[in-house]
Amino acid sequence: MQENKIKKSIGETNILRGILCIFVLIIHTTANPSIELQPLSISSILFSIANTATKLAVLGFIFISGLTLAYSYKERKINNIYFIKSDL
C-alpha cells in the first residue's frame, strides 16, 4: 500500500485565522471614527479601545505563518539554497 503523504493541517490555526480576520476588520472599521470623533467623548474612547485591543491581530498572522511553515517542513531535509530560491 502506498503511504498517504498529505499532512493534516492544524485545525486550530483555521479557527485562529478566522478570529484574527474579524480583528483586522475591527481595526479597519474603527480607525477613522476614533480619529474623527470629538476627543474624550465616550464614542471616541470606545472606538480607540476597540482599535487598540485588536492590534495584536497582525502579530498573530505572522505567528501562524511561521507555525504553518515550520510544520510543513518538519520532516523534510531542507536545502537552504533551494529554499531561499524557491521563496523569492
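A crossing of two helices is left-handed if the near helix is turned anticlockwise from the far one by less than a right angle. That term is needed for the helix pairs in this predicted model.

Start with the overall layout. The chain has 4 helices and 0 strands. Along the sequence, the pattern reads α-α-α-α. Of its 88 residues, 14% count as buried. The chain exposes about 7,600 Å², and carbon and sulfur atoms supply 66% of that area. Now take the contacts between residues at least 6 apart in sequence: 66% of them join residues at least 24 apart.

Helix 1 is a good place to enter the fold. Helix 1 spans residues 11-36, and helix 2 spans residues 42-53. Helix 3 covers residues 56-72. Two pairings are followed here: helix 1 with helix 3, then helix 1 with helix 2.

Consider helix 1 and helix 3. Their axes come within 9 Å and cross at roughly 155 degrees. Angles over 145 degrees count as roughly antiparallel. The two helices are therefore roughly antiparallel to each other. Helix 1 passes helix 3 in a left-handed crossing. From helix 1, the contact draws on T13, L16, R17, L20, C21, F23, V24 and I27. Helix 3 answers with A57, G60, F61, I64, L67 and T68. By class, the residues of this contact divide into 10 nonpolar, 3 polar and 1 charged.

T13 gives a local view of this contact. This threonine is found in helix 1. T13 counts as buried because its relative accessibility is 6%, and the cut-off for buried is under 20%. Leaving aside neighbours within four places in sequence, T13 touches I64, L67 and T68. Those three residues belong to the helix 3 side of the contact.

V58 offers another view of the pair. V58 lies in helix 3. Its relative accessible area is 48%, so V58 is partly exposed. V58 and L20 are 38 residues apart in sequence, yet their C-alpha atoms are 7.9 Å apart in space. L20 is one of the helix 1 residues that meet helix 3.

Turn now to helix 1 and helix 2. Their axes come within 8 Å and cross at roughly 145 degrees. Helix 1 passes helix 2 in a left-handed crossing as well. The contact uses I26, I27, T30, A31, P33 and S34 of helix 1. From helix 2 come S44, F47, S48, A50 and N51. By class, this contact has 6 nonpolar, 5 polar and no charged residues. I27 appears here, and I27 is also listed in the contact with helix 3.

N51 shows what this contact looks like from helix 2. N51 has its place in that helix. At 9% relative accessibility, N51 counts as buried. Beyond its neighbours within four places in sequence, N51 is in contact with I27, T30, A31 and S34. These four are among the helix 1 residues of the contact.

Next to N51 in the numbering comes T52, also found in helix 2. Is T52 buried or exposed? T52 is exposed, because its relative accessible area is 57% and the cut-off for exposed is over 50%. T52 and I27 are 25 residues apart in sequence and 7.9 Å apart in space, C-alpha to C-alpha.

I35 supplies a further pair. I35 lies in helix 1. At 67% relative accessibility, I35 counts as exposed. I35 and S48 are 13 residues apart in sequence and 8.3 Å apart in space, C-alpha to C-alpha. S48 is one of the helix 2 residues in the contact with helix 1.

Finish at the link between these two helices. L40 lies in the loop between helix 1 and helix 2. What is notable about the backbone of L40? Its phi is near 65 degrees, a positive value in a residue other than glycine. The side of the question that concerns solvent cover is simple: L40 counts as exposed, at 76% relative accessibility.

Key:
Residues numbered from 1 in each chain as written. Predicted model: local features only at pLDDT ≥ 70, side-chain atom pairs only at ≥ 80, totals over all residues. Heavy atoms only, no water. Buried < 20%, exposed > 50% of the residue type's maximum accessible area, 1.4 Å probe, protein only. Axes fitted to C-alpha atoms, helices over the stretch in contact; angles between N-to-C directions. Contact = heavy atoms within 4.5 Å. Nonpolar A, V, L, I, M, F, W, Y, C, P; charged D, E, K, R; others polar. Areas by Shrake-Rupley, 256 points an atom, 1.4 Å probe, with all protein chains shown as cover. Parallel < 35°, antiparallel > 145°, perpendicular 65-115°, else oblique.
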